[in-house]
Amino acid sequence: MKTIPLLLGVLVLTAGCIGGGEKMDLKVSSVFRNNEFIPSKYTCEGADVSPPLRLEGLSDKAVSIAIIVDDPDAPIGTFTHWVAWNIPPTGEIPENIPKEEIVESPIKVIQGKNDFGRIGYNGPCPPRGHGVHHYHFKVYVLDTTLDLKPGAGKRDLEKAMEGHVIQFGELVGLYERR
């Protein structure tokens, strides 16, 4: 049984350099800072639109971008709020990406089903009185486009990305319903 913790340790150590040896050094920012509260506009108590994401340090080897937004503090376990992929390399993903499987404008995006059972982004909506939740906006830079059907889920996206992630960046936003 000692091999499992050892294997996990190796995975954690090697996660810093994946793909062609590039470090996971993508800087992700938005209208809120890391570990700060997400404005209600981007939650179920507001317009429930996706926030803009700015990406700095994008590799010139980038072919596409994928996004997973999830909440590990959900009462039922990690809850996925957004899965998107085959986004062309860009310095900014604008806010309010339409909730459609295939989006052509304002940028090209293919989106999957979140844990609400819907396509596209659905923002923070924790149970009232459950305290502060942490929303992880994870951005993956890939060396390919993915052959993944629109409407796929988080697990399908993670499996399709295996071996193709050359950069990674993460922004954590907070939210609490009162």
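Select Ile 67 first and look across to β11, where the bridge partner of Ile 67 is Val 139. The strands named here, like the helices, are DSSP runs numbered from the N terminus, with strands (E) of at least two residues and helices (H or I) of at least four. What you are viewing is a predicted model, in which local features need pLDDT of at least 70 and side-chain atom pairs count only at pLDDT 80 or more, while totals for chains, interfaces and linings use all residues. Residues are numbered from 1 along each chain as its sequence is written, and side-chain values use heavy atoms, with hydrogens and water left out.

**Around β11**

Now show the whole of β6 and β11, which pair in the antiparallel sense over seven bridges; two strands count as paired if DSSP finds at least two bridges between them. Add β12 next, since 10 bridges join β11 to β12 and these two run antiparallel. In β12, the bridge partner of Val 139 is Gly 169. Colouring by accessibility is useful here, because nine of the 10 residues of β11 are buried, so that β11 is largely enclosed by the rest of the structure. Buried means under 20% relative accessible area, exposed means over 50%, and partly exposed lies in between, with a 1.4 Å probe and protein chains only.

**The cores**

Widen the selection to the largest nonpolar core, which has 28 residues, and among those with the most contacts inside it are Leu 53, Ile 67, Trp 82, Phe 137 and Val 139. Such a core is a set of buried Ala, Val, Leu, Ile, Met, Phe, Trp, Tyr and Cys residues joined through side-chain atoms within 4.5 Å. β5 (53–56), β6 (64–71), β7 (79–87), β11 (133–142) and β12 (165–175) each supply at least two residues of this core, and the largest share, four residues, comes from β11. A second, separate core of 14 residues includes Ala 66, Trp 85, Met 161 and Val 165.

Select Ile 87 and, leaving aside its neighbours within four places in sequence, you will find Ile 87 in contact (heavy atoms within 4.5 Å) with Ser 64, Ile 65, Ile 67, Ile 93, Ile 107, Lys 108 and Val 109.

**A three-stranded sheet**

From Ile 93, move to Leu 53, whose bridge partner in β8 is Ile 93. β5 and β8 pair in the antiparallel sense over two bridges, and they belong to an open sheet of three strands with the order β3-β5-β8 and antiparallel pairing. The edge strands are β3 (27–29) and β8 (92–93), each of which pairs on one side only.

**Aromatic pairs**

Which rings should be selected next? There are four aromatic pairs by the rule that rings of Phe, Tyr and Trp (its six-membered ring) pair if their centres lie within 6.5 Å, planes under 30 degrees apart counting as stacked, over 60 as edge-to-face and the rest as tilted. The rings of Trp 82 and Tyr 121 have their centres 5.5 Å apart and their planes at 80°, so this pair is edge-to-face. Trp 82 lies in strand β7 and Tyr 121 in the loop between β10 (109–111) and β11, 39 residues apart, and both Trp 82 and Tyr 121 are buried. Tyr 140 and Phe 168 form a tilted pair, with 5.0 Å from centre to centre and 55° between the planes. Tyr 140 belongs to strand β11 and Phe 168 to strand β12, 28 residues apart.

**Charged side chains**

Finish with Glu 45, Arg 128 and Arg 177, which are linked in a network of salt bridges, a salt bridge being a side-chain nitrogen of Lys or Arg within 4 Å of a carboxyl oxygen of Asp or Glu. Glu 45 forms a salt bridge with Arg 128, the closest N and O atoms being 3.5 Å apart, and the side chains of Arg 177 and Glu 45 also meet in one (3.6 Å, N to O). Arg 177 lies in the segment after β12 and Glu 45 in the loop between β4 and β5, so the pair ties together parts that are 132 residues apart in sequence. Compare their surroundings: Glu 45 is partly exposed at 37% relative accessibility, Arg 128 is exposed at 53%, and Arg 177 is buried at 14%.
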